[in-house]
Amino acid sequence: MVGCQTSQKKNMVASEIVSGEIWNDTDGNPINAHGGGILYHEGTYYWYGEYKIGKTVLPEWATWECFRTDVSGVSCYSSRDLSTWKFEGLVLPAVKNDTLHDLHPSQVLERPKVVYNTTTKKFVMWMHIDSPDYLKAAAGVAVSDSPVGPFTYLGSFRPNNAMSRDQTVFVDDNGKAYHFYSSEDNKTMYISELTSDYLKPNGHFTRNFIGMSREAPAVFKYNGKYYLLSSGCTGWDPNQAELAVADSIMGPWTIIGNPCVGKDADKTFYAQSTFVLPVHGMNNAYIAMFDRWKKTNLQDSRYIWLPLSIANDGSITIPWRERWKLDEVFK
Ligand code: DGJ
């Protein structure tokens with residue numbers, strides 16, 4: 001993020017968010033947290049994501065554009081103002097000495113999301129775990145006593161015996177947690193209630209958007225309703241986003257349409273959803289987070305953060321903004 005000034009307002013600095021630029025951490029290094037999500041915990045935001053370092057390769061056997069970097073692990077950055085981000089390290093590092101391990105550099109680890117369980121007092125990470133050909137299609141789970149790790153990897157499995165690729169986890173106001181994942185060859189979105197410790201599916205799940213091929217789920221709650229922002233399914237290439245709404249988190253879901261507005265809105269501003277962050281302590285203030293993938297140089301993929309625009313009638317759009325200031329938008 002750039003343009004950080006000192007004027008403090010509601011715990012936010014007057015900093016500009018300039019989407020698509022390189023955003024540096026407090027050490028001056030580019031923030032490396034792709035396909036990420038943010039957890040707010042006790043006054044601090046923790047941003048977790050895929051730490052993509054090194055060469056992007058297309059395996060020689062590839063029959064589709066499964067560009068990848070070696071797995072390095074899950075990074076974490078902390079911030080109190082959503083503007084200055086301190087690198088907390090790799091909270092779930094790759095496992096380099098076991099070629100069969102899910103976290104071996106040769107495998108795939110994507111879209112990590114962390115939630116906090118107030119009963120067990122554990123931080124629980126869910127992530128997409130895959131083989132380089134993406135045929136494993138599993139979910140991995142890790143757990144930690146601290147938001148900045150280290151996380152202990154518990155293993156991977158196919159939740160509800162179904163394929164699991166792009167995914168997120170959402171904790172409702174009543175403390176129940178739900179795993180959203182693209183299943184059945186990415187054609188159908190599963191919503192799966194988790195056990196009270198958030199470590200496993202509890203067996204209660206629904207199939208949604210059947211045959212509609214939605215990926216990159218990002219869930220938020222506004223005014224008592226649940227919203228799901230997602231992308232289409234075109235590999236690393238951008239496509240049109242879609243917003244859906246439901247009265248019950250398990251569905252049925254009603255498609256609203258493309259929430260993006262402005263230049264390149266039909267291509268999600270050349271990006272793909274990853275998370276929608278409620279700004280703590282503010283009413284109806286949300287930041288939609290996207291990745292602008294660079295498929296041939298994934299390490300240099302950029303971030304697009306845009307505030308949700310909520311009209312008086314409650315309708316939600318995501319207008320393009322070249323640059324915006326946190327404290328001007330969220331007053
Ligand atoms: C689209 C997904 O959203 C990404 O997380 C990644 O899995 C790519 N596909 C791989 O092509």
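**Loops, pockets and a ligand**

Modeller: Leu82 has its place in the loop between strand S6 (73-79) and strand S7 (86-93). This is a predicted model, where local features need pLDDT of at least 70 and side-chain atom pairs count only at pLDDT 80 or more, while totals for chains, interfaces and linings use all residues. Residues are numbered from 1 along each chain as its sequence is written, and side-chain values use heavy atoms, with hydrogens and water left out.

Colleague: What makes S6 and S7 strands?

Modeller: A strand is a DSSP run of E with at least two residues, numbered from the N terminus.

Colleague: And what is the phi of Leu82?

Modeller: About 65 degrees, so a positive value, although Leu82 is not a glycine. Most residues other than glycine have a negative phi, and most peptide bonds are trans.

Colleague: Where are the cis bonds?

Modeller: One runs from Gly149 to Pro150, with omega near 0 degrees. Pro150 is in the loop between strand S10 (138-144) and strand S11 (152-157). Another runs from Gly251 to Pro252, with omega near 5 degrees, and Pro252 belongs to the loop between strand S18 (242-246) and strand S19 (254-257).

Colleague: On to the ligand. Which residues are around it?

Modeller: Trp64, Glu110, Arg111, Tyr134, Asp166, Glu215, Gly235, Trp236 and Gln272. To be near the ligand, a residue needs a heavy atom within 4 Å of it.

Colleague: Why do 4 of that shell count as charged?

Modeller: Asp, Glu, Lys and Arg count as charged; Ala, Val, Leu, Ile, Met, Phe, Trp, Tyr, Cys and Pro are nonpolar, and the others, Gly among them, are polar. The shell therefore splits into 3 nonpolar, 2 polar and 4 charged residues.

Colleague: What makes the Glu110 pair a polar contact?

Modeller: A polar contact is a pair of N or O atoms within 3.5 Å; within protein, one must be able to donate a hydrogen and the other to accept it, and residues adjacent in sequence count only if both atoms are side-chain atoms. A side-chain N or O atom of Glu110 is 2.5 Å from a ligand oxygen, so the pair qualifies. Asp166 has a polar side-chain atom 2.4 Å from a ligand oxygen, and for Gln272 the distance is 2.9 Å. The protein also covers 97% of the 290 Å² of accessible area that the ligand has on its own, by the Shrake-Rupley method with a 1.4 Å probe.

Colleague: How do you know that the ligand sits in a pocket?

Modeller: More than half of a molecule's atoms must lie within 2 Å of the pocket's grid points, and the ligand sits in the second largest pocket. That pocket has a volume of about 290 Å³ and 18 lining residues, with Trp64, Tyr134, Asn186, Glu215 and Gly235 nearest its centre.

Colleague: Why call one space a pocket and another a cavity?

Modeller: On a 1 Å grid over the protein atoms alone, a cavity is a set of points where a 1.4 Å probe fits but cannot get out, whereas a pocket is an open set with protein on both sides within 12 Å along at least five of seven lines; lining residues have an atom within 4 Å of a point. The whole structure has 1 cavity of 30 Å³ or more. The largest cavity holds about 110 Å³ of space, and S8 gives the largest share of its lining, 3 residues.

Colleague: And what is the volume of the largest pocket?

Modeller: About 790 Å³, the space filled by probe spheres set on points joined across faces, edges and corners. Its lining has 17 nonpolar, 5 polar and 4 charged residues.

Conventions
Helices (H or I, at least four residues) and strands (E, at least two) are DSSP runs, numbered from the N terminus.
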